[in-house]
Amino acid sequence: MKIGFIGCGNMGTAMMQGILDSGKCKKEDIMISCRTQATLEEKKKAFGVEITTDNRKVAEFAKILFLAVKPQFYAEVVDEIKDVLTEEQIIISIAPGKTLAWFTEQIGRELKVIRTMPNTPARVAEGLTGMCPGAKVTEEEVETIRDLFSGFSKTEVITENLMDVVTAVSGSSPAYVFMFIEAMADAAVAGGMPRSQAYTFAAQAVLGSAKMVLETGKHPGELKDMVCSPAGTTIQAVRVLEEKGMRSSVFEAMMKCLDISRNM
């Protein structure tokens, strides 16, 4: 199975790393392209994959082609490679805002395109990817791609109207969580804890809490109530968070993210 990556920044690298680490593909069966030779040489040294600065060469090489450039470069890249794309290839998009209809219009014909929205926890094989296959993609091909993604991410097949929601709740949300961890650690440092230890305590609390939501099946509100003892410390902290508008801030931030994604 020949796999190509056009663009290999943080997300592309995380995906490629997961594919290689899981043994889903051999390094000699992966080709990547980047803008600079220096970046390519760095990736070649790290992963042993084939490299080129020619996007068309990657498009001709790959059975499964990842478009892993920034959204603002999609039109340019698609225009560059569209005449070498074939009906047998599977094209994987990771860009917010670029619809299946957009690809058909840009390419000039309907090909096998799967819209995806991965997130950066893919770097530690804990990603979650929303996936929306186009009409030309078979169920067997969807399962092939889901198996490929399993090296770095869980997957959920969704309808296209939810792709922008996935961007807000999953694709962008690691940034919100990192801010929360950083804020908790800063407060722990203010309380006298060494910073490295503060990050460990804060991050593990988030990790363990998320695991409880996923594994217990309990509503997050119920799990919160289990921590809040009568006249205890936690309920007072929750009171302050409510007073400062934590829920509203998160809600409004996600709605802004959703709005930007829809208008890309």
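In this predicted model, the sulfur of C8 has its closest cysteine sulfur in C34, at 5.3 Å, which is too far for a bond. A disulfide would require the two sulfur atoms to lie within 2.5 Å, and the structure accordingly holds 0 disulfides. C8 is itself a buried residue, because its relative accessible area is 6%, a value under the 20% that bounds the buried class. Another cysteine, C228, is likewise assigned to the buried class, with a relative accessible area of 16%.

C34, the partner considered above for C8, also appears in the surroundings of T52, a residue of strand β3, which spans residues 50–52. When neighbours within four places in sequence are set aside, T52 is in contact with M31, I32, S33 and C34, and also with L40, K57 and V58. T52 is counted as buried because its relative accessible area is 9%. The side chain of T52 additionally reaches the backbone nitrogen of D54, at a distance of 3.0 Å, which falls within the 3.5 Å limit for a polar contact.

Analysis of enclosed space identified 1 cavity of 30 Å³ or more in the structure, and the largest cavity holds about 30 Å³ of space. Its lining is formed by L67, V78, I81, L85, I91, F103 and I107, and the elements that give two or more residues to this lining are α4 (74–81) and α5 (100–107). By class, the lining of the largest cavity comprises 7 nonpolar residues, with no polar and no charged residues.

One of these lining residues, I107, lies in helix α5 and is described as buried because its relative accessible area is 7%. Not counting residues up to four places away in sequence, I107 touches V78, K82, L85 and I91; among these, V78, L85 and I91 are also found in the lining of the largest cavity. The C-alpha atoms of I107 and D83 are 7.9 Å apart in space, although the two residues are separated by 24 residues in sequence.

With regard to open space, the second largest pocket contains about 980 Å³. Of the 35 residues that line this pocket, A68, V69, K70, P71 and I94 are the closest to its centre. At least two residues of the lining are supplied by each of α1 (10–21), α4, α7 (163–171) and α12 (246–262), and helix α4 also contributes two or more residues to the lining of the largest cavity. In contrast to the cavity, whose lining has no polar and no charged residues, the second largest pocket is lined by 17 nonpolar, 14 polar and 4 charged residues.

Backbone geometry was examined for two alanines in loops. A125, although it is not a glycine, has a positive phi of about 60°, and this residue is found in the loop that runs between β6 (112–117) and β7 (127–133). A231, also a residue other than glycine, has a positive phi near 60° and is placed in the loop between α10 (220–227) and α11 (233–243). The two alanines fall into separate accessibility classes: A125 is partly exposed because its relative accessible area is 44%, whereas A231 is exposed because its relative accessible area is 84%, the exposed class beginning over 50%.

How values were computed:
Residues numbered from 1 in each chain as written. Predicted model: local features only at pLDDT ≥ 70, side-chain atom pairs only at ≥ 80, totals over all residues. Heavy atoms only, no water. 1 Å grid on protein atoms, 1.4 Å probe; cavity = no way out; pocket = protein on both sides within 12 Å on 5 of 7 lines; lining within 4 Å. Points joined across faces, edges and corners; volume = space filled by probe spheres on them. Helix = DSSP H or I, 4+ residues; strand = E, 2+ residues; numbered from the N terminus. Nonpolar A, V, L, I, M, F, W, Y, C, P; charged D, E, K, R; others polar. Buried < 20%, exposed > 50% of the residue type's maximum accessible area, 1.4 Å probe, protein only. Polar contact = N/O pair within 3.5 Å; in protein donor to acceptor, adjacent residues only side chain to side chain. Contact = heavy atoms within 4.5 Å.
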